[in-house]
Amino acid sequence: MIDIKNLLLEVPSLTLNKITLHLHDHEYFVLLGPTGSGKSLLLDIIAGAYSPESGKIMLNGRDITHERPEGREIGYVPQDYALFDNMKVIDNLTFGLRVHGVSRHDAYQQLKRLIKTLELEDLLQKRPEVLSGGEKRKVALARALATSPKLLLLDEPFSGLDQNLKDRFIYELKRIHDEYGIPTIHVTHNRIEAIELGDRVGILQHGTLEQVGKFDELINAPKNEFIAKFLGIENVIKSAELNRYLNLPEDTTVAFTPEDVVLLIDKDNGIDGIPVAIQQVIKLEKSLMITGLLFENPVKIKSNTNFSINGDNIKIKIKKYRRIL
């Protein structure tokens with residue numbers, strides 16, 4: 001297990017602000033955040049590329065805050081893979097073990113299972129320069145796992161992959177994690193990866209870890225407007241008029257998705273609907289996408305009822321919303 005306590009580092013244009021995080025044994029943790037939020041910098045500190053100004057990193061009860069990278073027992077897959085182009089794949093894979101005094105033959109014997117698991121047999125005598133992006137990722141992952149690390153760090157492992165390859169690698173990572181059980185920190189800006197892989201998710205913004213929890217917990221109770229919108233909750237509105245319809249305190253901010261809205265039609269006239277001024281209607285095959293103004297606030301609505309709208313105004317009901325305090 002890993003404990004990060006009050007980790008602080010200031011670099012040009014960014015400060016990692018007293019990051020505290022506890023990872024459970026075998027946990028797959030996804031760190032979400034936009035570009036420039038400090039995700040990769042945090043991995044670099046954990047891996048030993050930078051030393052924090054203050055704070056501690058504990059791995060299985062051992063303080064590794066200022067240990068050399070090679071002594072931390074951490075596997076790291078950076079965005080650029082960092083493979084040795086002058087070495088064959090087999091030598092890339094065995095490199096970490098050979099640095100620790102294991103012979104080439106013995107290193108290969110130790111890695112047979114891993115090579116088979118990741119289906120690398122046909123790549124062993126090739127050099128990285130002739131591999132596809134997907135093959136390089138598998139080699140980089142295998143090399144990170146080769147030394148049986150106590151923690152695995154993955155920096156944007158799916159960047160640049162098309163959807164088919166991404167789906168395959170999500171499956172591969174699930175399988176590897178289930179088989180080896182190594183606690184993992186996976187950095188990404190893609191919430192789909194968090195949904196598919198993460199036992200828990202953390203949201204990082206401007207160097208601050210804003211919220212941590214299961215994905216469902218975060219999307220159902222986002223801590224602030226940034227988190228709500230980053231997780232795909234497009235409508236975030238603070239309106240005294242809306243809150244009166246919802247029987248909420250006037251200063252409440254509510255967040256809801258386009259799918260959380262019910263479009264009221266003629267047969268719903270008895271319902272006290274919320275008025276929306278229409279700006280645009282896009283007809284899809286089986287639904288409508290509507291943009292408009294709800295008490296002067298931009299709002300998006302998706303209705304699975306495809307019918308003609310007459311006039312410039314509609315009424316809606318919000319069937320589900322989240323309160324942001």
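Modeller: Before we start: two strands pair if DSSP finds at least two bridges between them, and the helices (H or I, at least four residues) and strands (E, at least two) are DSSP runs, numbered from the N terminus. This is a predicted model, where local features need pLDDT of at least 70 and side-chain atom pairs pLDDT 80 or more, while totals for chains, interfaces and linings use all residues. Residues are numbered from 1 along each chain as its sequence is written, and side-chain values use heavy atoms, with hydrogens and water left out.

Colleague: Okay, the hairpin of strand 1 and strand 2: which residue takes a positive phi there?

Modeller: Strand 1 (residues 2-11) and strand 2 (residues 14-23) pair in the antiparallel sense over seven bridges, with Leu9 opposite Leu16. The hairpin has two residues between its strands, and the one with a positive phi, near 75°, is Ser13.

Colleague: And in strand 4, what is the bridge partner of Asp3?

Modeller: Strand 1 also pairs with strand 4, antiparallel over five bridges. Across from Asp3 in strand 4 sits Met58.

Colleague: Which strands stand at the edges of the open sheet, each with a single partner strand?

Modeller: That open sheet has six strands in the order 6-7-8-3-9-10, with mixed pairing. Each edge strand has one partner, so one of its sides is left without a neighbour in the sheet; the two are strand 6 (74-77) and strand 10 (208-213).

Colleague: About what angle does the direction of helix 1 make with that of strand 7?

Modeller: Strand 7 (residues 151-155) runs parallel to strand 6, joined by four bridges, and Val77 stands opposite its Leu154. Helix 1 (residues 39-47) packs on the sheet, touching strands 3, 6, 7, 8 and 9; touching means contact, heavy atoms within 4.5 Å. Axes are lines fitted to C-alpha atoms (for helices, over the stretch in contact), with angles from 0 to 180 degrees between N-to-C directions. For helix 1 and strand 7, that gives about 150°.

Colleague: Where does helix 3 bend?

Modeller: Helix 3 (residues 104-117) has its end C-alpha atoms 20 Å apart, which agrees with the 20 Å expected for 14 residues, taking 1.5 Å times one less than the number of residues. There's still a bend of about 50° (the angle between axes fitted to the seven residues ending at a residue and the seven starting there), and helix 3 has it at Leu111.

Colleague: Which helices do the buried residues of helix 3 pack against?

Modeller: Buried means under 20% relative accessible area, exposed over 50%, partly exposed in between (1.4 Å probe, protein chains only). The buried set in helix 3 is Ala107, Leu111, Leu114, Ile115 and Thr117. They pack against helix 2 (89-99), helix 4 (133-145) and helix 5 (163-180).

Colleague: How many residues of helix 4 are buried?

Modeller: The covering elements include strand 6, helix 2, helix 3, strand 7 and helix 5. Among the buried residues are Gly134, Arg137 and Lys138. Helix 4 is mostly covered, and out of its 13 residues the buried count is 10.

Colleague: Last one: why does Phe230 count as buried?

Modeller: Phe226 and Phe230 form a stacked aromatic pair, 5.5 Å centre to centre with 25° between the planes (ring centres of Phe, Tyr or Trp, its six-membered ring, within 6.5 Å; planes under 30 degrees apart are stacked, over 60 edge-to-face, the rest tilted). Phe226 counts as partly exposed because its relative accessibility is 21%. Phe230 counts as buried because its relative accessibility is 17%.
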